[in-house]
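Got a minute to walk through a protein fold together? Pull up a stool and have a look.

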Amino acid sequence: MANAMRGLGLSPDVVLVSSARRTLQTLEALSPLPDSPIIEPMDELYLASWQNLLGLLHRVPETARSVLLIGHNPGLHDLALALTDADAMARNPEARRMAGAFPTAALAEFSVSSPWPQLAEGGGRLVRFMIPADLPEMAE
């Protein structure tokens, strides 16, 4: 996933990562991240509900253009579903695929137009959804 993120030019300004060993290992596998983002290990991310994850995103400085959230299911999956509005879910095959499963190491990229403190349910547009099986190196 690290190579895919680099190839897509994904460069977070802020990384919110659960302080759990497995998520810290995920962050390590993604390193080095371009542009030296602010990295915040957070105990609150461990098994957080989507509402709590959204609350943590509300605390991101408005100057941050992009955030990478590394956490746990079912909260991450539920957050991705909550950010996707119902119309997009009906029209977008990638959104429907994301709704079906959100496996370990999945990447859901969203575009949001509101400032972080105002991000609300239905406030994201799914740009892409990738799982490890989608990657060429996993197909070999």
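What follows is a short chat about this predicted model.

Visitor: Which helix has the lowest mean pLDDT?
Guide: The protein as a whole averages a pLDDT of 92, and 97% of the residues score at least 70. At the top end of the elements sits helix α3 (residues 50–58), with a mean of 98. At the bottom, with a mean of 61, is helix α7 (residues 136–139).

Visitor: In what order do the three strands of the open sheet come?
Guide: Start with the edges: β2 and β3 (67–70) each have a single partner strand, so one side of each is left without a neighbour in the sheet. The pairing is parallel, and the twist averages 15° from one strand to the next. Put together, the order reads β2-β1-β3.

Visitor: How many bridges join β1 to β2?
Guide: These two strands run parallel. One place to look is S18, which stands opposite M42 in β2. As for bridges joining β1 to β2, the count is five.

Visitor: At about what angle does helix α2 run to β1?
Guide: Helix α2 covers residues 21–30 and lies across β1, β2 and β3. Its angle to β1 is about 145°.

Visitor: Is E40 buried, partly exposed or exposed?
Guide: E40 has its place in strand β2 (residues 38–42). Beyond its close sequence neighbours, E40 is in contact with V14, V15, L16 and V17. Buried would need under 20% relative accessible area and exposed over 50%. E40 comes in at 33%, so the label is partly exposed.

Visitor: How far apart are the C-alpha atoms of E40 and S18?
Guide: Along the chain, E40 and S18 are 22 residues apart. In space, their C-alpha atoms are separated by 8.4 Å.

Visitor: Which residues of the largest nonpolar core touch the most other members?
Guide: This core has 27 residues. β1 (14–18), α3, α4 (75–83), α6 (93–100) and β5 (124–130) each supply at least two of them. L16 has plenty of company: leaving out residues up to four places away in sequence, it touches E40, M42, L45, L56, L57, V60, V67, L68, L69 and I70. The core members touching the most others are L16, L45, L53, V60, L69 and L79.

Visitor: How many residues are in the second, separate core?
Guide: Among its members are A4, V17, L107 and M130. The total for this second core is 15 residues.

Technical notes
Residues numbered from 1 in each chain as written. Predicted model: local features only at pLDDT ≥ 70, side-chain atom pairs only at ≥ 80, totals over all residues. Heavy atoms only, no water. pLDDT = per-residue confidence, 0-100. Helix = DSSP H or I, 4+ residues; strand = E, 2+ residues; numbered from the N terminus. Buried < 20%, exposed > 50% of the residue type's maximum accessible area, 1.4 Å probe, protein only. Contact = heavy atoms within 4.5 Å. Core = buried A, V, L, I, M, F, W, Y, C linked by side-chain atoms within 4.5 Å. Pairing = 2+ DSSP bridges. Axes fitted to C-alpha atoms, helices over the stretch in contact; angles between N-to-C directions.
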